[in-house]
Amino acid sequence: MKDVLLEVKNASFSYKGGRIIFHDVNLSLHKGEIFTILGPNGAGKSTLLNSIVRLLKLNEGEILLNGKTITSMRERDIAKMIAYVSQSSMSTFDYSVREYIVMGRAAHIGIFGKPGKEDYAIADAIIEKMNIQHLSQKLYMQISGGERQQACVARALVQQPEIIIFDEPTSALDYGNQLKTLALIRELSEHGYGVIMTTHNPDHVILLGGTAGILDRGGRMKSGPAEEMLDETYLSELYRANLKLVYVDDVKRKACLAMRF
Amino acid sequence: MKRTIDDRRNYGLLPKRNYMLLLLALLAAVIIVSLCLGRYFVSIETVVKVLGSHLLPLEQTWERVEFNIVMNLRLPRILGAALVGSALALSGATYQGIFKNPLVSPDLLGVSAGACVGSAIGILLHVGSLWIQILAFIGGIAAVALTTGIPKLMRRTSAVTLVLAGVIVGGFMNSLIGLMKYLADPETELAEMTYWQLGSLANIKYPDLLSVGPVIIISGSILLAMRWRINILSMGEDEARILGMNIRRERNIAILCATLMTASAVCISGTIGWIGLVIPHLARRLAGADNRRVLPVSCAISAVFLIFIDTIARTLTGAELPLGVLTGFIGAPFFAWIMIRERNDV
């Protein structure tokens with residue numbers, strides 16, 4: 001087995017005095033693995049991701065990063081391990097895309113420090129690799145949603161983490177950009193990054209392969225290899241819809257399709 | 001090198017490099033001109049010589065009264081204006097960054113009024129100037145804690161709720177000041193308090209500069225050193241934390257320094273409105289959004305601006321004009337203009 005980067009053990013979370021969002025969640029993520037989390041709205045996918053990066057504190061259970069429990073780690077050490085690409089990263093002020101991306105160096109720079117030549121070199125190298133040089137001098141808040149996500153991914157890479165978490169990376173994108181994002185995620189995993197992402201589209205799980213975790217309305221998660229996890233009746237129950245998993249010869253894969261109303 | 005549209009957008013109207021040299025030269029020029037002006041005109045040549053005589057053994061070609069006016073009347077007041085202006089603008093820019101809200105400032109957050117309450121208590125208790133300074137700082141911190149606490153209690157953290165909370169706290173603090181004025185001895189304490197509330201640089205002497213100067217300079221240096229971190233803090237709490245910042249510690253340091261600066265400024269000049277709000281906006285127009293440029297630029301242009309306004313205040317008419325009145329007259333329409341330009345100019 002390849003190195004385990006992240007382990008979530010018996011994790012439970014509920015807001016103070018509120019209902020339990022998820023409980024007894026277990027997952028592990030290895031180097032180069034893609035872990036896709038599926039689940040209906042409100043099942044707690046984002047909450048789970050937020051607890052993994054310690055934006056929220058678990059009520060029970062623990063999260064281990066390279067074997068170390070996350071509660072005892074410093075923010076900067078967590079950030080050197082995990083980068084997070086959120087659904088919507090907004091800025092009140094008009095920073096340029098390049099400045100936005102170089103903010104990914106924060107964990108590597110002290111409180112009175114500023115990004116130096118090396119930090120900009122790292123940022124520029126990734127900007128070039130992702131082919132977004134044309135965005136570099138634009139203002140972050142004035143580029144399109146798809147471009148903003150590319151900038152966000154670039155910032156995550158500049159952080160030089162081992163794990164990248166994507167919270168519904170495809171939800172705000174057009175179909176072409178959704179596929180581009182999936183291809184990018186696949187590429188990242190091939191480069192050795194462990195990737196966790198949430199999605200609303202079972203097809204994305206099929207396209208990406210890897211491991212799938214399904215978080216149901218009761219806040220429980222089942223996980224396993226993607227092909228095994230996707231089951232027609234289970235998905236139909238999960239989404240309360242009539243879904244079919246069919247093999248489509250033209251695209252050489254299974255597809256998750258909804259019945260006509 | 002040609003300036004592209006991108007440069008204009010990211011670096012504002014000022015050049016990409018060496019912009020601080022430009023602004024410091026402007027500051028030096030404004031200081032020298034302001035030293036000349038007043039009821040008793042002193043020529044530029046004399047001013048330069050008087051200043052230079054501290055560094056070089058110059059032959060005395062000036063009259064004693066000129067030396068006295070330049071060195072003991074005008075210079076401390078001008079240095080005070082520079083110090084107070086920088087302090088207010090720097091803390092304004094910092095608050096705007098860390099609360100990711102371009103509508104806040106030391107006055108709108110209630111910090112100035114809180115500091116004023118603190119110093120008014122000091123006046124009523126007849127404590128020394130050091131204690132007045134400490135009480136002003138405590139008042140300022142209490143105000144900023146209240147203002148940032150109210151949106152949390154409401155569980156709504158929009159830009160507008162923070163501004164509303166600032167209005168609430170500022171209003172309350174002003175009532176406290178009103179109460180203390182009512183209680184104050186009209187012969188002595190009341191005058192001192194009113195002076196504090198109106199804002200003036202007229203009574204600044206060297207000892208005042210020595211008492212607050214170090215605090216302002218040290219806090220200011222810390223904020224300037226942190227200015228890239230303020231960029232990250234301005235992305236919001238969650239993002240800053242995900243990027244690896246110890247947000248509570250770094251934000252508290254920034255709030256502490258900004259509040260110390262505001263309280264120190266209030267101690268020697270009383271509350272001077274508008275500067276902490278307007279100057280950072282002007283700085284962003286001049287230098288772009290990046291706080292690495294905005295903070296030092298705010299400092300320099302605010303010093304220039306306050307020296308300029310104060311020079312008007314003491315020279316325009318025979319009697320001294322209240323400074324708060326002038327900053328309001330100039331600051332308010334100026335802010336309206338900036339807001340209109342910001343809307344149109346994207």
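How many helices and how many strands does chain B have? In this predicted model, chain B has 15 helices and zero strands.

**Figure 1. Overall view of chain B in the predicted model.** The 15 helices of chain B are shown without any strand, since the strand count is zero. The radius of gyration is 21 Å, close to the 20 Å that the globule rule gives for 346 residues, so chain B is as compact as a globular protein of that length. Its C-alpha trace spans about 65 × 65 × 35 Å along the principal axes. Of the 346 residues, 49% count as buried. Among contacts in chain B between residues at least 6 apart in sequence, 75% join residues at least 24 apart.

**Figure 2. Overall view of chain A, with nine helices and 12 strands.** The C-alpha trace of chain A spans about 55 × 45 × 40 Å along its principal axes. A compact globule of 261 residues would have a radius of gyration near 18 Å, and the 19 Å of chain A agrees with this. Buried residues account for 41% of the 261 residues. For chain A, 66% of the contacts between residues at least 6 apart in sequence join residues at least 24 apart. An unreviewed UniProt entry carries the annotation "domain: ABC transporter" for residues 6-242 of chain A. That span is 35% helix and 24% strand, and its end C-alpha atoms lie 35 Å apart.

**Figure 3. The contact between chain A and chain B.** Chain B contributes 26 residues and chain A contributes 26 residues. On the side of chain B that touches chain A, the elements giving two or more residues are α1 (5-11), α10 (227-233) and α11 (237-242) of chain B. By class, this side of chain B has 10 nonpolar, six polar and 10 charged residues.

**Figure 4. The largest nonpolar core, with 168 residues.** In soluble globular proteins, nonpolar side chains tend to be buried together. The residues with the most contacts inside this core are Ile101(A), Ile163(A), Ile165(A) and Val84(B). Helix α4 (residues 64-98) of chain B supplies the largest share of the core, 14 residues. Not counting residues up to four places away in sequence, Ile165(A) touches Leu49(A), Ile52(A), Val53(A), Ile82(A), Tyr84(A), Val85(A) and Ile196(A).

**Figure 5. Surroundings of Glu33(A), in the loop between β2 (20-30) and β3 (34-38) of chain A.** Is this loop residue, Glu33(A), buried or exposed? Glu33(A) counts as buried because 20 C-beta neighbours lie inside 10 Å, and the cut-off for burial is 20 or more. With neighbours within four places in sequence left aside, Glu33(A) is in contact with Ser189(A), Gly194(A), Gly210(A) and Thr211(A). Of these partners, Thr211(A) is 178 residues from Glu33(A) in sequence, while the C-alpha to C-alpha separation is 7.5 Å.

**Figure 6. Surroundings of Val4(A), in strand β1 (residues 4-14) of chain A.** Val4(A) is partly exposed, because 16 other C-beta atoms lie within 10 Å. Apart from neighbours within four places in sequence, Val4(A) is in contact with Ser28(A) and His30(A). Gly113(A) is 109 residues from Val4(A) in sequence and 33 Å from it in space, C-alpha to C-alpha.

**Figure 7. Helix α6 (residues 129-153) of chain B.** This helix has 25 residues. From first C-alpha to last, α6(B) reaches 36 Å, close to the 36 Å expected at 1.5 Å a residue. Arg155(B), which follows α6(B), has a positive phi near 55°.

**Figure 8. Helix α13 (residues 275-287) of chain B.** The 13 residues of α13(B) reach 17 Å from first C-alpha to last, close to the 18 Å expected at 1.5 Å a residue. How many of the 13 residues of α13(B) are buried? The count is 11 of the 13, so α13(B) is largely enclosed by the rest of the structure. The buried residues of α13(B) include Ile275(B), Leu277(B), Pro280(B), His281(B), Arg284(B) and Ala287(B). Just after the helix, Gly288(B) takes a positive phi of about 90°.

Definitions and conventions. Residues numbered from 1 in each chain as written. Chains lettered and ligands numbered in written order. Predicted model: local features only at pLDDT ≥ 70, side-chain atom pairs only at ≥ 80, totals over all residues. Contact = placed C-beta atoms within 7 Å. Helix = DSSP H or I, 4+ residues; strand = E, 2+ residues; numbered from the N terminus. Nonpolar A, V, L, I, M, F, W, Y, C, P; charged D, E, K, R; others polar. Rg over C-alpha atoms; globule rule 2.2 N^0.38 Å. Buried ≥ 20, exposed ≤ 12 C-beta atoms within 10 Å, placed from the backbone. UniProt positions renumbered as here; feature names shortened; annotations may be inferred. Core = buried A, V, L, I, M, F, W, Y, C linked by C-beta atoms within 7 Å. Expected span 1.5 Å × (residues − 1).
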